[in-house]
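Trainee: I'd like to learn how to read a fold like this one, step by step. Where do we begin?

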Amino acid sequence: DPSAVDFHLTMKVKARSAYSAAGVDIAAQETGLRAVKELARATFTPGVLSEIGSFGGLFRPDLAGMREPVLVASADGVGTKLAVARMAGDYSTVGRDLVNHCVNDILVQGARPLFFLDYVGAGVLELKKMIELVRGVADGCRENGCALLGGETAEMPGFYQPGDYELVGFIVGLADRENVLTGARVAAGDILLGLPSAGLHTNGYSLARRILFDQLGLKLSDRLPGLSGKLKVGEWLLAPHLSYLAALAPVLAEPGLHALAHITGGGLTDNVPRVLPAGLAAEIRVGSWEIPEPYLLLQDKGDVELEEMFRVFNMGIGMVAVVAPDSAVELSRRLSAAGQRALPIGRVVEGPRSVVYDLGLTGFEP
């Protein structure tokens, strides 16, 4: 019945107009999702069995050679680094930050990533910015060899403030149970190898923004004051969160590698103890690595106690490997050959599970 068809079409147009008036543009979302699908397809690995747009993503992992496969999952966000991206008008890097952060989180348990899901929320989804965010996620997935299997975009006017975006990721990886890193093998005398970060990574931005923007009145285009180089505020704050997968994957099954700790929120102080058995502490020698100048600037200009600095920021160390003493030199050599520096920054000692900072040592050799 033509009249019935006309009625349904009219109703559809009216419904869409009403929803748009409420702040949600379905047509714009559909346009963006078509672009997102193409970005996601470029990350697909042989295990992907479904298309983007299904109610759930299907994935068949390759279990060949594994005696007892174990799935490892994690979820995280990029925090207020998104506020810096908004100030810069550049959302192209934070998606990669998100993936790399999540990859590192499961890497510390010996898992390699299989697939990734993302969530993008906003008051108003601006197509260009949404696609920029997801393109960064897709780039990160492709670089880490995992599939962007699906995700969610949510436009919620009145819930998110105008111009605000939320970006969250969910990752699933795979490990053989006999090679899962739990920290159970960590023993007194083990060496702590610090893998340098590229900057703040994705933590400590609320304090860093308060010091740099509110207290010092700096702009993203300004040079960081008092530093020996010409590093700009925006360059440092938007420096990428590194993925350590490529360097660490070849040594995950090495008997001499006892544990890994991803240095995220809580810094060295809170993250290293997460992989220590009861009765063991980490003695970290401050001065055994060169703390990058921007951290010293934050401490000085923000009048931040050293103890708090090590609990809020990574202080230039993005990952810590806990290794057997007789394996430290060889593992350092292998990481160096993979293009990853590994600096001896301390050792495991007997004591309450915690980090103890030795401020009197300026150098340390395993």
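Mentor: With a definition: two residues are in contact when their heavy atoms lie within 4.5 Å. Keep in mind that this is a predicted model. Take the contacts between residues at least 6 apart in sequence: 83% of them join residues at least 24 apart.

Trainee: Okay. How many helices and strands does the protein have?

Mentor: Twelve helices and ten strands. As for burial, 49% of the 366 residues are buried.

Trainee: Let's do helix packing. How do I describe two packed helices?

Mentor: The general idea is that you give the angle between the axes and the distance between them. Here, try α6 (residues 205–215) and α10 (residues 293–302): their axes come within 10 Å and cross at roughly 65°. The crossing of α6 past α10 is left-handed.

Trainee: Which residues of α6 and α10 meet there?

Mentor: On the α6 side you have Ala208, Ile211, Leu212 and Gln215, and they meet Leu297, Leu298, Lys301 and Gly302 of α10. By type, the residues of this contact are five nonpolar, two polar and one charged.

Trainee: Now charges. What should I look for?

Mentor: In general, side chains of opposite charge can pair when their charged atoms come close. The cut-off for a salt bridge is a side-chain nitrogen of Lys or Arg within 4 Å of a carboxyl oxygen of Asp or Glu. By that rule, this structure has 15 salt bridges.

Trainee: Can you show me one inside a helix?

Mentor: Sure, look at Arg41 and Glu38, whose side chains form a salt bridge with N to O at 2.3 Å. Both are in helix α2 (residues 26–41), and because they are three residues apart, about one helical turn separates them. Arg41 is partly exposed, at 32% relative accessibility.

Trainee: And one that links distant parts of the chain?

Mentor: Go to Arg96, which makes a salt bridge with Asp139, the closest N and O atoms being 3.6 Å apart. Arg96 is in helix α4 (residues 94–107) and Asp139 is in helix α5 (residues 127–144), so the two are 43 residues apart.

Trainee: Are Arg96 and Asp139 buried or partly exposed?

Mentor: One of each: Arg96 is partly exposed, with a relative accessible area of 22%, while Asp139 is buried at 17%.

Trainee: Which other residue does Arg96 meet in a salt bridge?

Mentor: Glu143, with N to O at 3.1 Å. Since Arg96 lies in α4 and Glu143 in α5, this pair ties together parts that are 47 residues apart in sequence. Glu143 is exposed, with a relative accessible area of 52%. Through shared partners, salt bridges join Arg96, Asp139, Arg142 and Glu143 into one network.

Trainee: Last topic: disulfides. How many does a search of the whole structure find?

Mentor: Zero. The test is whether two cysteine sulfur atoms lie within 2.5 Å.

Trainee: Why is there no bond from Cys141 to the closest cysteine sulfur?

Mentor: Because that sulfur, in Cys146, is 3.9 Å away, which is too far for a bond. Cys102 is too far as well: the closest cysteine sulfur, in Cys141, is 9.3 Å from its own.

Trainee: Are Cys102 and Cys141 buried or exposed?

Mentor: Buried: Cys102 has a relative accessible area of 0%, and Cys141 also has 0%.

How values were computed: Residues numbered from 1 in each chain as written. Predicted model: local features only at pLDDT ≥ 70, side-chain atom pairs only at ≥ 80, totals over all residues. Heavy atoms only, no water. Axes fitted to C-alpha atoms, helices over the stretch in contact; angles between N-to-C directions. Helix = DSSP H or I, 4+ residues; strand = E, 2+ residues; numbered from the N terminus. Left-handed = near helix turned anticlockwise from the far one by under 90°. Nonpolar A, V, L, I, M, F, W, Y, C, P; charged D, E, K, R; others polar. Buried < 20%, exposed > 50% of the residue type's maximum accessible area, 1.4 Å probe, protein only.
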